[in-house]
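Good morning, and thank you for coming. I would ask you to keep the sequence and the structure in view while I speak.

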Number of protein chains: 4
Amino acid sequence: MSSKLTEDAKGVFVIAVTPFTPSGDIDFESCDRMVDFYLEVGATGLTVLGMMGEAPKLTIEESRTVVERILARVDGRVPVVVGVSAPGFAQIKALTDMVMELGAAGVMIAPPSSLKTDDAIVNYYVQVAELIGDVPFVLQDFPLVTNVQMSPNVIARIVNNVPTCVCLKHEDWPGLEKISYLRAEGNLDRRISILCGNGGLFLTEEMGRDADGAMTGFAYPEMMTRVVEEFNKGNADYARDLFDAYLPLARYEQQPGLGLAIRKYVMAKRGIIASDALRKPGPKLSAAAKQEIDLLIERQEKALAKLS
Amino acid sequence: MSSKLTEDAKGVFVIAVTPFTPSGDIDFESCDRMVDFYLEVGATGLTVLGMMGEAPKLTIEESRTVVERILARVDGRVPVVVGVSAPGFAQIKALTDMVMELGAAGVMIAPPSSLKTDDAIVNYYVQVAELIGDVPFVLQDFPLVTNVQMSPNVIARIVNNVPTCVCLKHEDWPGLEKISYLRAEGNLDRRISILCGNGGLFLTEEMGRDADGAMTGFAYPEMMTRVVEEFNKGNADYARDLFDAYLPLARYEQQPGLGLAIRKYVMAKRGIIASDALRKPGPKLSAAAKQEIDLLIERQEKALAKLS
Amino acid sequence: MSSKLTEDAKGVFVIAVTPFTPSGDIDFESCDRMVDFYLEVGATGLTVLGMMGEAPKLTIEESRTVVERILARVDGRVPVVVGVSAPGFAQIKALTDMVMELGAAGVMIAPPSSLKTDDAIVNYYVQVAELIGDVPFVLQDFPLVTNVQMSPNVIARIVNNVPTCVCLKHEDWPGLEKISYLRAEGNLDRRISILCGNGGLFLTEEMGRDADGAMTGFAYPEMMTRVVEEFNKGNADYARDLFDAYLPLARYEQQPGLGLAIRKYVMAKRGIIASDALRKPGPKLSAAAKQEIDLLIERQEKALAKLS
Amino acid sequence: MSSKLTEDAKGVFVIAVTPFTPSGDIDFESCDRMVDFYLEVGATGLTVLGMMGEAPKLTIEESRTVVERILARVDGRVPVVVGVSAPGFAQIKALTDMVMELGAAGVMIAPPSSLKTDDAIVNYYVQVAELIGDVPFVLQDFPLVTNVQMSPNVIARIVNNVPTCVCLKHEDWPGLEKISYLRAEGNLDRRISILCGNGGLFLTEEMGRDADGAMTGFAYPEMMTRVVEEFNKGNADYARDLFDAYLPLARYEQQPGLGLAIRKYVMAKRGIIASDALRKPGPKLSAAAKQEIDLLIERQEKALAKLS
């Protein structure tokens, strides 16, 4: 069983997709293959049932089986974080208890869109932390989707008031100054883990601002693990070369509403999952989009070949 | 077992609250008393697990027990509609199957806030109707909360394309012209049931525009059942007198975010439910607010006394 | 020339409409008649170029002529506040300079919808106050329209940092607790004027919480001036009787997007303005709506007759 | 004097910034230098007073002088489009008349955020087109900022009903399928110009879907003019190489709220404008951000050197 998530979390926690068969059933074999793949390319953790895991489309029983299967396959090699955001505390509590018992390392909680002021946001997290007790959690800051805007100082208030908030999933856009604020002397009463999102689209600058890595998805997670690794080795310039080679596709994947379909298409093409199916309601890629992706992959391979 | 919901639904389908004990447990005895009360004052149907039923704060198991308890107490005397809105089709399907098997008369479905265009809204309901098969459903049109704006013509497209859409929970604000449009010759290919919301705050005008009644909550549901009844008897003017007597409190109850706390406070004061507790996260009434409500009730009683 | 707006503002500052001819020109004669009417029924101030004054539909030259005409007619009898909200500081500054030179008593400023955090809101008002120098201003708190949610403590921060913020146009919904917070010992470093909005729909409770009056519109502003007056005389119960008599129409007028058309229809019917025309883009009342209003007025007159 | 904008608009209409001095005055000399620069690098048109031109921060008199100055400098060499979006028709009409008289080729109109349904959007454009008579206009589709979501079929309805709508500023995200829809046989009754936005971040795919070019800003507009040119010559692969070399900076510039500050910083660094000042309210770049930009420019120069 993996140990609990702490402020020392670093590297890349890949946001796992949930593989489905074309008819919409959960594809557990692909689930296993995906876990193996993520760990092979250097993931230091996994995050499941996030927005990109199509969590809201699963029934509660399905959520349980997915978490169980992934935890079994991971088998304690890396910590697994589970998204438990829900409109009510009873649901959050029930889901948290379930996944922690199954062996999760911590949970991730996004703010409900009804939170409109600084105090409302801070109070929410104080209450939710009280509710889940000593379970460490990741604070998800993703205003583009949640419509909740957390100022840097609100994040500081949460961290300073809630010891179980050990990690920030940093996904504001723009968000670089937020990292600098949280890393500046005196704003936080302890150093927490900052793992960045947005498909890795600002990963080089984020590492330059002293983030600890990424917690996001991209069809080529090896881009993220290698960029973080090279940064940590002091090879920032080579890290940027790597990043630039993957950037055209990463940019293409970062299309709201379409991104997961693109990611699954590439993952299926790479043989990581058997089908690129999304559950309904969900978008479908056009033939033109698939051609664009195929071309981006082809060009990416050439760019990478030049690098090595 | 009650029969299925049809286009003939009329009268008042009261949106039931979910009674809790002060410690947050479901209070099943209050549940029974509440059902008895609603039926005594003339409810022609009940709607459970709506937004005002704190549905999102219940776990799936709790939702089941609440629906079971209410259906058992109703015992087929009136149709019971259950809210099944959820982000994903798997959840909607699972919840619908569960409640229909338990004996519900139909389900209610609000649009997810991600729907931003006419076509997206229509497609959503076409897909969701296909998903739930022959289960009749109530289309919930409540833009203040869902952020989804349905033009009259979008509602017409849904009704005309989806035979299982038998009722509109009309809760747009303003929304009177929408009723007139849907009742005008030629816009719908059949007459559906239109039951109005917003705490009954426009009920007299809505009845005047040929609505079939209300599907909403108010701490004095007898206002709504009597207004509808008097309108149907041709006593519109007396219906308006009744309405006006309750209006100061109805207006006070119609405060977003606070309304349910006000309603539960009054219901507890009236002895219908044992406690006015809401589940977290939820607001609390101040002492000043309670005094305001007490005064409104006192004045309401005087106004009603003058009427009879 | 009227003197400057101060923290002592009380009574009813009526939000003036801008009268147009059916062809869309400004109707200056109606403007004069309207001013006379407002003052006759007891307005203690006027607010022009607010959202309900169709300010955004006027060119800058038209705004000037409207302000000039109204100031000339008021002729210093009551203070006149002018709405100067705009996306950029240059526009706010230019408009403020213009209207203060013409003799306005102060300006009103709503927050731009881009302000998403407490700090952003406070900073905006600190900067805007610096910009307009010693001009006293009204802070407009109207989240339903601006999408900016100011917590009570944000308003306190603004008031405590910006001495020229002398008045709050209180228009949150719900907003009663906000008044209580601002009136509680220790939250503000001085007592400011609180004038309430929302068409007066909560005026009795607002007065009960120690508001100073109203700054809003309603086709029967005498309701508001009399309610405030009776409250100030200690006749709260009679004030509530008056309020209740007008409530059915006040409620009807409070329909977002339609309210101004309803108000102008009634004002034209009462002979205060010559035409109920709104400038494009704007809604039109249906025949059914006009009938509903006519009936509400008829019943209102009967209810008032019973009172006296 | 330049002729009117038509459906044949193609190439790159650069969205011009408005240069200010550090004290906030309009810097007319930089204005001239900027115009010269844009035309030298191949702009086929200019768009002024757009969102990126800080239009809402200018007074009406300032808007006039900026348009006059730019038109004088352009001197008919390319068409100039002017943004005239405003909340009311009177303002749109006044601004349109003014700029067309000064010699603009057409105007650009974004939808007000109050438009919530397909019909409301179409009606708005039908009315606005009637208002401005025979002036050709650009339909701006930028939901991230306007909050108005136009389905492809709404754009088709506008184009098919309004002959003066000659160009779409395509800025939805994602938006590629929208181009394909508008280019597919049978959806539009004539071919209009489609010029794309979003800082050029999807320009290669947009050209591949048969867009006519771009109407957006980027500190290196020569990237866009060259990409469009190479695509038109049939050198799509080389166009992509060019695009990829600029992509790291283009991505960095595409940060909502910060983008214009980044663009002005680079333009000042390149000597195109004298100062990178934005008018208040507006953001400032941190030292860290400037270093990141400097590094991106350095790497961009190396990548371009490898290409030639």
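I begin with Asp32(D), which has a relative accessibility of 12% and therefore counts as buried, since the limit for that class is under 20%. Please keep in mind throughout that this is a predicted model. The side chain of Asp32(D) forms a salt bridge with that of Arg69(D), with a nitrogen-to-oxygen distance of 3.0 Å. Asp32(D) belongs to helix α1, residues 28-40 of chain D, and Arg69(D) to helix α2, residues 60-74, so the pair links distant parts of the chain, 37 residues apart. Is Arg69(D) buried or exposed? It falls between the two: Arg69(D) is partly exposed, at a relative accessible area of 29%. In chain A, salt bridges with shared partners connect Asp32(A), Asp36(A), Arg69(A) and Arg73(A) in one network.

The general principle is familiar: side chains of opposite charge can pair when their charged atoms come close. Over all chains, the structure holds 115 salt bridges, and I shall mention two further examples from within single chains.

The first joins the side chains of Glu7(D) and Arg190(D), at 2.5 Å from N to O. Glu7(D) lies in the segment before β1 (11-15) of chain D, while Arg190(D) is in the loop between α7 and β7 (193-196), so this pair ties together parts 183 residues apart in sequence. Glu7(D) has a relative accessible area of 24% and is partly exposed. Arg190(D), at 22%, also counts as partly exposed.

The second is in chain A, where the side chains of Lys178(A) and Asp172(A) meet in a salt bridge of 2.8 Å, N to O. Here both Lys178(A) and Asp172(A) are buried.

Let me turn to the contacts between chains, starting with chain D and chain A. The size of an interface is often given as the accessible area lost when the parts come together. For chain D and chain A, that area is about 2,700 Å², with 58% of it from carbon and sulfur atoms. Which three residues supply the most of what chain D buries against chain A? They are Trp173(D), Arg251(D) and Arg299(D), which supply 26% of that area, more than any other three residues. The contact draws 30 residues from chain D and 30 residues from chain A.

Between chain D and chain A there are 10 salt bridges. One of them pairs the side chains of Glu205(D) and Arg251(A), at 2.9 Å from N to O. There are also 18 residue pairs in polar contact between these two chains, counting pairs with both residues at pLDDT 80 or more. On the side of chain D that touches chain A, the elements giving two or more residues are α7 (176-183), α8 (203-208), α10 (236-253) and α12 (287-307) of chain D. Of these, α10(D) gives the most, with nine residues. By class, this side of chain D has 16 nonpolar, four polar and 10 charged residues.

I now come to chain B and chain D. Their contact takes eight residues from chain B and eight residues from chain D. The two chains bury about 640 Å² between them, 53% of it on carbon and sulfur atoms. Thr117(B), Asp118(B) and Gln149(B) supply 54% of the area that chain B buries against chain D, more than any other three residues. How many salt bridges are there between chain B and chain D? The count is zero. Three residue pairs are in polar contact across this interface, again with both residues at pLDDT 80 or more. The side of chain B that touches chain D has one nonpolar, four polar and three charged residues.

Finally, I would like to look at two strand residues. Met215(A) is covered by the UniProt annotation "binding site", which comes from an unreviewed entry. Met215(A) is found in strand β8, residues 213-216 of chain A, and counts as buried because its relative accessibility is 0%. Beyond four places away in sequence, Met215(A) touches residues including Phe13(A), Thr47(A), Val138(A), Lys169(A) and Cys196(A).

The other is Gln140(B), in strand β5, residues 137-141 of chain B. Gln140(B) is buried, at a relative accessible area of 5%. Leaving aside neighbours within four places in sequence, Gln140(B) is in contact with several residues, among them Met51(B), Tyr125(B), Met150(B), Lys169(B) and Glu171(B).

Thank you for your attention.

Terms used:
Residues numbered from 1 in each chain as written. Chains lettered and ligands numbered in written order. Predicted model: local features only at pLDDT ≥ 70, side-chain atom pairs only at ≥ 80, totals over all residues. Heavy atoms only, no water. Contact = heavy atoms within 4.5 Å. Buried area = accessible area lost by both parts, 1.4 Å probe. Salt bridge = Lys/Arg side-chain N within 4 Å of Asp/Glu carboxyl O. Polar contact = N/O pair within 3.5 Å; in protein donor to acceptor, adjacent residues only side chain to side chain. Helix = DSSP H or I, 4+ residues; strand = E, 2+ residues; numbered from the N terminus. Nonpolar A, V, L, I, M, F, W, Y, C, P; charged D, E, K, R; others polar. UniProt positions renumbered as here; feature names shortened; annotations may be inferred. Buried < 20%, exposed > 50% of the residue type's maximum accessible area, 1.4 Å probe, protein only.
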